[in-house]
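Okay, thanks for making time, everyone. I'll put the structure up and then talk you through the parts I spent my week on.

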Amino acid sequence: MPAEDRRGQAEPTVRDAISAPDAQGRPRRTTRRFPLFTKDTAPPEGGGRAAPGDAPAPARQWPVLVVLSAVALGLLLTALDVFRYGTLLIGAALLAGAVMRWILPGVGMLAVRSRFTDIATYGILGLAIVLLSLMAQPRPLLEIPFLKDTLHFTLAK
């Protein structure tokens with residue numbers, strides 16, 4: 001026998017594991033298929049505040065502010081013709097973002113996608129920028145011999 005609520009109406013019964021009440025409270029069967037049009041998205045893992053809710057906004061979002069500040073400084077150095085150090089700083093900032101996303105439980109707006117996807121994206125882009133800045137001409141700090149051979153092979157007449 002269904003239980004009575006405060007208004008004297010019976011509570012909806014759930015027929016099976018994939019039934020859910022609709023807006024009027026009647027149970028309805030939902031499908032296991034993904035909807036054609038999504039109505040909302042789940043928040044990313046670790047997307048909570050990096051500081052308590054009563055802290056000012058910059059303190060709650062300090063991880064993304066650290067990464068953006070380092071990238072801005074790197075862009076400024078690049079614009080001031082200190083190319084190698086500027087791009088190294090940009091790559092290091094992305095790598096630091098990957099490390100923060102990995103270690104910290106809540107990183108605020110630094111969390112965009114799932115934890116794994118964010119770490120992979122920040123890490124791969126940061127590593128690529130660091131390696132490219134180390135190999136930049138003139139006087140590269142890092143020389144990878146097979147890349148030079150590959151370049152000559154692809155451009156050979």
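Before anything else, one cut-off, since I'll lean on it: when I say buried, I mean under 20% relative accessible area, exposed is over 50%, and partly exposed is in between. And keep in mind that this is a predicted model.

So, the overall layout. The protein has five helices and two strands. Reading from the N terminus, the order is β-β-α-α-α-α-α. There are 157 residues, and 22% of them are buried.

Now to the charges. How many salt bridges does a search of the whole structure find? Two. Let's take Arg101 with Asp118, where the closest N and O atoms sit 2.8 Å apart. Arg101 is in helix α3 and Asp118 is in helix α4, residues 115-134, so this pair ties together parts that are 17 residues apart in sequence.

Is Arg101 buried or exposed? Its relative accessibility is 0%, so Arg101 counts as buried. For Asp118 the value is 0% as well, and therefore Asp118 goes down as buried too.

Then there's Arg113, whose side chain meets that of Asp118 in a salt bridge, at 3.1 Å from N to O. Arg113 has a relative accessible area of 33%, so we call Arg113 partly exposed. Put the pieces together and you get a network of salt bridges linking Arg101, Arg113 and Asp118.

Let's stay with those two helices and look at how they pack. Generally, two packed helices are described by the angle between their axes and the distance between the axes. For α3 and α4, the angle is about 160° and the axes are 8 Å apart. That makes the two, α3 and α4, roughly antiparallel. On handedness, α3 passes α4 in a left-handed crossing.

If you want a residue to look at over there, try Ile129, which lies in helix α4. Ile129 and Ala92 are 37 residues apart in sequence, yet their C-alpha atoms are 8.5 Å apart in space. As for accessibility, Ile129 comes out at 26%, so it counts as partly exposed.

Next pair: α2 and α3. Here α2 covers residues 62-79, and α3 covers residues 83-103. How do the axes of α2 and α3 cross? They come within 7 Å and cross at roughly 170°. α2 and α3 are therefore roughly antiparallel to each other. The crossing of α2 and α3 is left-handed.

Last stop, the surface. Which residues form a nonpolar patch there? They are Leu73, Leu76 and Leu80, and together they have about 300 Å² of accessible area. Leu73 has its place in helix α2. With a relative accessible area of 46%, Leu73 is partly exposed.

So, to recap what I'd like you to take away. Arg101, Arg113 and Asp118 share a salt-bridge network, with Arg101 at 0% relative accessibility and Arg113 at 33%. Helix α3 runs roughly antiparallel to α4, and α2 and α3 are roughly antiparallel to each other too. And there's that leucine patch on the surface, made of Leu73, Leu76 and Leu80. That's me done, thanks for listening.

Definitions and conventions: Residues are numbered from 1 along each chain as its sequence is written. This is a predicted model: local features need pLDDT of at least 70, side-chain atom pairs count only at pLDDT 80 or more; totals for chains, interfaces and linings use all residues. Side-chain values use heavy atoms; hydrogens and water are left out. Patches are made of residues with over 30% relative accessible area and no salt bridge: like charges are joined within 9 Å, nonpolar side chains (Val, Leu, Ile, Met, Phe, Trp, Tyr) within 5 Å. Accessible areas come from the Shrake-Rupley method with a 1.4 Å probe; for residues, only the protein chains shown count as cover. A salt bridge is a side-chain nitrogen of Lys or Arg within 4 Å of a carboxyl oxygen of Asp or Glu. Helices (H or I, at least four residues) and strands (E, at least two) are DSSP runs, numbered from the N terminus. Buried means under 20% relative accessible area, exposed over 50%, partly exposed in between (1.4 Å probe, protein chains only). Axes are lines fitted to C-alpha atoms, for helices over the stretch in contact, and angles run from 0 to 180 degrees between N-to-C directions. Angles under 35 degrees count as roughly parallel, over 145 as roughly antiparallel, 65 to 115 as roughly perpendicular and the rest as oblique. A crossing is left-handed if the near helix is turned anticlockwise from the far one by less than a right angle, and right-handed if clockwise.
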